[in-house]
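Let's take a walk through this protein, looking at how its helices pack and which charged side chains pair up. Keep the 3D view open as you read.

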Amino acid sequence: MLLENSDIDLTTAVLLDKVQKGKSISDDAIKILRKAKLIEGRKPHLYVSKQIAKATNKQIEYTLKKGFNDAECQEWILKALNDHKVLSRKQINELLWNKLPIDFTEEQKMAKIKNLLYKMHKNDEIWLDEDRMWHRKES
């Protein structure tokens with residue numbers, strides 16, 4: 001499909017197919033594909049770029065692999081805190097779990113959420129009470 005609808009050569013198409021199937025490719029191939037803006041992500045969690053996903057009708061797969069960015073995840077946390085006033089870490093995990101890249105391990109997802117909460121706390125957006133419940137800072 002990609003070969004029929006673009007100017008991509010066979011070698012590049014084969015490399016992109018490997019990326020899409022989660023197979024490893026050489027560091028040189030990664031550099032070439034990244035320079036051409038055909039792939040995104042960090043090794044080993046590489047995925048085809050938005051333009052390739054669109055050309056191959058894999059937009060949903062792209063979004064699941066990419067996940068939401070930090071600002072979007074922080075917005076989800078703030079919205080939930082606006083709605084519910086307080087949230088436990090477990091509740092925040094549940095809120096964000098499926099919004100993080102699908103290829104992340106459980107440990108990576110936990111670390112990502114921890115880092116988001118730390119960043120928001122450091123920026124005085126949220127605070128943690130003595131019962132380990134998260135609150136939104138009042139303006």
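## Two helices crossing

Before we look at a pair of helices, here's a handy term: a crossing is left-handed if the near helix is turned anticlockwise from the far one by less than a right angle, and right-handed if it is turned clockwise. Keep in mind that this is a predicted model. In it, the crossing of α5 and α6 is right-handed. Helix α6 covers residues 89–96, and α5 packs against α6 at an angle of about 130°, with the two axes 10 Å apart. That makes α5 oblique to α6, because an angle that isn't under 35 degrees, over 145 or in the range 65 to 115 counts as oblique.

So who does the touching? On the α5 side, the contact is made by Cys-73, Trp-76, Ile-77 and Ala-80, and on the α6 side by Ile-92, Leu-95 and Leu-96. Sort the residues of this contact by type and you get seven nonpolar, no polar and no charged.

## Salt bridges across the chain

Now for the charged pairs. How many salt bridges are there? The count comes to eight. One of them pairs Glu-40 with Lys-66, where the closest N and O atoms sit 3.5 Å apart. Glu-40 belongs to strand β1 (residues 39–42) and Lys-66 to helix α4 (residues 59–66), so this pair ties together parts that are 26 residues apart in sequence. Is Lys-66 buried or exposed? Something in between: with a relative accessible area of 38%, Lys-66 is partly exposed.

Another salt bridge joins Lys-119 and Asp-70, and here the closest N and O atoms are 3.9 Å apart. This one also links distant parts of the chain, since Lys-119 is in helix α7 (residues 106–122) while Asp-70 is in helix α5 (residues 70–84), 49 residues away. Both partners are partly exposed: Lys-119 has a relative accessibility of 38%, and Asp-70 has a relative accessible area of 26%.

## One turn along α5, and a network

Not every salt bridge has to reach across the chain. Lys-79 and Asp-83 form one too, with their closest N and O atoms 3.3 Å apart. The two residues both lie in helix α5, four residues apart, or about one turn of the helix. Lys-79 is partly exposed at 46% relative accessible area, and Asp-83 is partly exposed at 48%. Elsewhere, salt bridges with shared partners join Asp-70, Lys-112 and Lys-119 into one network.

## Two more residues to find

Try spotting Glu-72, which also lies in helix α5. Glu-72 is partly exposed, with a relative accessible area of 35%. How far apart in space are Glu-72 and Lys-99, C-alpha to C-alpha? They are 9.2 Å apart, although 27 residues separate them in sequence.

Finally, head over to helix α1 (residues 10–20), where you'll find Thr-12. Is Thr-12 buried or partly exposed? Its relative accessibility is 14%, so Thr-12 counts as buried, because buried means under 20%. Leaving aside residues up to four places away in sequence, Thr-12 touches Leu-33 and Leu-38.

Notes: Residues are numbered from 1 along each chain as its sequence is written. This is a predicted model: local features need pLDDT of at least 70, side-chain atom pairs count only at pLDDT 80 or more; totals for chains, interfaces and linings use all residues. Side-chain values use heavy atoms; hydrogens and water are left out. A salt bridge is a side-chain nitrogen of Lys or Arg within 4 Å of a carboxyl oxygen of Asp or Glu. Buried means under 20% relative accessible area, exposed over 50%, partly exposed in between (1.4 Å probe, protein chains only). Axes are lines fitted to C-alpha atoms, for helices over the stretch in contact, and angles run from 0 to 180 degrees between N-to-C directions. Contact means heavy atoms within 4.5 Å. Ala, Val, Leu, Ile, Met, Phe, Trp, Tyr, Cys and Pro count as nonpolar, Asp, Glu, Lys and Arg as charged, and the others, Gly among them, as polar.
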